[in-house]
Amino acid sequence: MRTWIALVALIAAATTAGCGAKAGTLEASSEALGAADTRTIEYSGTGKWFQFGQAPNPTLAWPAFDISAYTASIDYAAPAARIQMTRKQVIEPGRVRPAPVDQKVDQYISGTAAWNVGAAPGAAPAPQPQPAAVEERTMEVWSTPQGFLKAAAANNATSTPSGGGSEVTFTAGKSKYVGTINAQNQVEKIQTWINTPVLGDTLVETTFSDYRDFNGTQFPAHIVRQQGGYPVLDLTVSSVTKNGAVDVAVPDQARNATVPPVMVTSEKLAEGVYYLKGGSHHSLAIDQTDHIVVIEGPQEEARSVAVIAKAKELIPNKPIKYLINTHAHFDHSGGLRTYVDEGATIVTHEMNKAYYEKAWAAAHTLTPDRLEQSKKAAMFETFSSDYVLTDGRRPIEIHPIQGSGHNDAFVMVYLPREKILAEADAFTPTAADAPLPTTPNPFSVNLYENIQRLKLDVRQIAALHGPRLTTMADLRAAIGQRSNTTN
Ligand SMILES: [Zn+2]
């Protein structure tokens, strides 16, 4: 079989017309797509965007948003790019979500600076540095047909014949790219790998089809990108401009921005119960007789390392035996691997276990974390209905939040002795002086119904997002219930 393919390739090569490069090669594709003289490219279209890591449950794809406007403006020399998008969440049949609103995205990369431009309601648009996004946005520049060909030429790409065309491989920076060029000299597919905390080395695969002549430039009219096994972008391109002005000037705020150090603050909620904040995602540490229980391992390893250090400082000389995970959304599970390395048992809804096992078994070599080095096996304790962890003194109740549109394997944690509720994403308090929402968030309404159903006597709500500790009165106010309503 291999010999036969080699023979066919040899004949194909020998019979190619004498002028220009052989069809299906890197050179022929570069010529056909005009890669060498493409300094900038701008393409626009509509389609769908999908929110990576936010599947409604671990067996489903990333949730979809309709894109009503999308423009990518790329300057290959800088390299720099600006992506503008207007998107709105698609509500899946049978799933209750907040009423979708248009989200306007304006994001930039230039060299090693990344930033977004956006505005808080009523404020002027201002650049917000996004130093953690540099790797992913750089990948997007070279994951365009002309960009791939230019990067291949600049990075000593190797080429092997494949299916009438070629497979082209190179490394740019620390990222590996593998592209497929077909017999029509079109870049058909580009694969590259980026680090994401849950999935580790994450394949990003962009496929290009329906190539057309856009005012003299060959460009695909259909672009689909998959990341972590599901689509993140499905774009129908309607216009392409080559070598127009692309002005991506780095604002001062973004010029030397670095990822800020992780901050962990602590607030004592009751004897042996600590609310660990300091960033966008919070955790709780609970002092049990001979061990520590942590609620939530969000974001990524740096946060876990800092939270673990703070928990051990507050509760010395005890191991972290359990980590309770509220749900599998990546921003709430990206730090779990560090707790596995720490020797903690991951306590999560049974629906999540198989997903974590598969994800964590994959290579995490691009940005090796502690677990990649220790290779410890994950220990799980799972449940599908109300569950209790106890040291015989302090019970910690875990309750699935039933019927939430946010996630199907979603839990809240309740301390019946202290009457403290910890929950993520169902109710995120705003600042004490902020106006109340005009429409109640259905996730918060659902949380309230679950608290009622379980007859929990909640005195304090330690939300895993948001600026402050709240009470049932705050939750009731947020969902438009009168404050004298009993819970
Ligand atoms: Zn979530």
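Guide: Two strands are said to pair if DSSP finds at least two bridges between them. The model discussed here is predicted.

Visitor: What makes E23 and strand E24 a pair?

Guide: E23 and E24 (residues 420–423) are joined in the antiparallel sense over 3 bridges; the requirement is at least two, so they count as paired. Tyr414, for instance, has Leu421 in E24 as its bridge partner. In the hairpin of these strands, 4 residues lie between them, and Lys419 takes a positive phi near 60 degrees.

Visitor: How is E23 related to strand E22?

Guide: E22 (residues 395–400) pairs with E23 in the antiparallel sense, over 4 bridges. Here Tyr414 is the bridge partner of Glu397.

Visitor: Why is strand E23 described as largely enclosed?

Guide: Strand E23 (residues 411–415) has 5 of its 5 residues buried, so the rest of the structure largely encloses it. Val411, Val413 and Leu415 cover one side, Met412 and Tyr414 the other.

Visitor: Why is the site of the zinc ion called irregular?

Guide: The 4 donor atoms make angles of 89 to 171 degrees. A tetrahedral site needs all angles between 85 and 135 degrees, so the upper value rules that class out. The site is classed as irregular. Its donors are His327 (NE2), His329 (ND1), His406 (NE2) and Asp425 (OD), at 2.0 to 2.2 Å.

Visitor: Which parts does the pair of His327 and Asp425 tie together?

Guide: His327 lies in the loop between strand E18 and helix H7, and Asp425 in the loop between E24 and helix H11, so the pair links parts 98 residues apart in sequence.

Visitor: Why does Asp425 count as buried or exposed?

Guide: Buried means under 20% relative accessible area; Asp425 has 14%, and therefore counts as buried. His327, at 0%, is buried as well.

Terms used. Residues are numbered from 1 along each chain as its sequence is written. This is a predicted model: local features need pLDDT of at least 70, side-chain atom pairs count only at pLDDT 80 or more; totals for chains, interfaces and linings use all residues. Side-chain values use heavy atoms; hydrogens and water are left out. Buried means under 20% relative accessible area, exposed over 50%, partly exposed in between (1.4 Å probe, protein chains only). Helices (H or I, at least four residues) and strands (E, at least two) are DSSP runs, numbered from the N terminus. Donors are N, O and S atoms within 2.8 Å of the metal (3.2 Å for Na, K and Ca); water is not among the atoms, so sites may look incomplete. Four donors count as tetrahedral if all angles lie between 85 and 135 degrees; four count as square planar and six as octahedral if opposite donors are over 155 degrees apart and all others between 65 and 115; anything else is irregular.
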